[in-house]
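Reader: Could you take me through one part of this protein in detail? I would like to start with the whole and then settle on a single sheet.

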Amino acid sequence: MTEDTGGHIAYVLGAAMAQAKLPEVEEVTIVTRLFDAPKLGAVFAQAEERIAPKCRVVRLASDRAEYLEKGDLVGELPSLKNALLETLEAKGAARPDVIHAHFADAAELALAARERFGIPVLYTAHSLGAEKLAPGEAPSAELKARIARETRALDEADAIIASSRDEVERQIPKLVPAAEGRAHRIGPGVCVEEQGNAARARKMLGGFLRDVSKPIILAIARPIRKKNLRRLVDAYASDPTLQDRANLVVIAGLRDGLGQGCTERDAVIADLFDGVDRHDLWGKVALPRQHSAQDISDLYALAAEGGVFCNPAFHEPFGLTLIEAAQAGVPLVATQSGGPSDILPEARFWCLD
């Protein structure tokens, strides 16, 4: 939906609904920020939403009412912290037994709740800011502040839930060596409920591709620079034989067009179009503007027919799309940096099943 809605959203929703199914769990509440953005959906201005049995979303109001990108949420932390503490105060004996904080901003709220009410805190970083730095590169003031919040969360959380060995064995100890003993690796999973249909995918791609009978190289990622999507276009353009044998399909978020206010997204999309145009790849590359969950399942089904799924990110904290593709029987090509190093050896067995 936006450049901020990535795999971590699927992670939180999936984990919450899976835990809610456990007989010993009474209730799971996802706590997030309330905002008013009708174009994204009226539900986000709704204070409470039931999404499954024993599982609901509670949205807290902050000082500002509009949708904010995650980099702009820092200024809302004081008002969100107050809103959370007031909500928990009112609950009395019905307060949660544990709080699982996702990202360091949420950890600021969770640690404040622990200080007030003694509720244990679990922490999942998802993506650590220090990994964005090239060797020897100094962080910006914004990134430095983020790393400080992440360091505090790793240092003070009662336990840390990470997705990959790279996180547990390299990333976390690099920031807080003592945190390694409290870090537990639990590989996320996915549940793809929609059955894919390759014929539907070919129909969807018919307006983009000259020959929809060819296998596809499929990439699905948020339109942000670290996903390295332009390099994938350039690599495809560098091999005429590959162009003859396969089409390239890149799903880079949802958009109505360019110039919608998100600088990085617009820059990444414009760069993709520049690559297609510069290399004269029209008719061989598809860059759909819109898609549904069913469309994604259909594309996986099409990629399973002689194609491949590619994740070319500079660094991938985990890579849920790799699991989705593997579940659909699609061969995988991915970066060595981050979670894919855990996923790919296991995905060989998933595909055989």
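Reader: How much area does the protein expose, and what share of it do carbon and sulfur atoms supply? After that, please look closely at the open sheet of 4 strands.

Author: Happy to! Keep in mind that this is a predicted model. The protein exposes about 17700 Å², and 54% of that comes from carbon and sulfur atoms. Of its 353 residues, 46% count as buried. The fold contains 12 helices and 12 strands. Its radius of gyration is 21 Å, close to the 20 Å that the globule rule gives for 353 residues, so the protein is as compact as a globular protein of that length. The C-alpha trace spans about 65 × 45 × 45 Å along the principal axes.

Now to your sheet. Its strands follow the order 4-5-6-7, and the pairing is parallel. Strand 4 (99-102) and strand 7 (183-185) are at the edges; each has a single partner strand, so one side of each lacks a neighbour in the sheet. On average, neighbouring strands here are turned by 25° against each other, direction ignored.

Inside the sheet, strand 5 (residues 121-124) and strand 6 (residues 159-162) run parallel and are joined by 2 bridges. One residue to find on screen is Y123, whose bridge partner in strand 6 is I160. As background, strands of a sheet pair through backbone hydrogen bonds.

A helix belongs in this picture too: helix 3 (residues 104-117) lies across strand 4 and strand 5, and runs at about 155° to strand 4.

Notes:
Residues are numbered from 1 along each chain as its sequence is written. This is a predicted model: local features need pLDDT of at least 70, side-chain atom pairs count only at pLDDT 80 or more; totals for chains, interfaces and linings use all residues. Side-chain values use heavy atoms; hydrogens and water are left out. Two strands pair if DSSP finds at least two bridges between them. Axes are lines fitted to C-alpha atoms, for helices over the stretch in contact, and angles run from 0 to 180 degrees between N-to-C directions. Contact means heavy atoms within 4.5 Å. The radius of gyration is taken over C-alpha atoms; the globule rule is 2.2 Å times the number of residues to the power 0.38. Buried means under 20% relative accessible area, exposed over 50%, partly exposed in between (1.4 Å probe, protein chains only). Accessible areas come from the Shrake-Rupley method with a 1.4 Å probe; for residues, only the protein chains shown count as cover.
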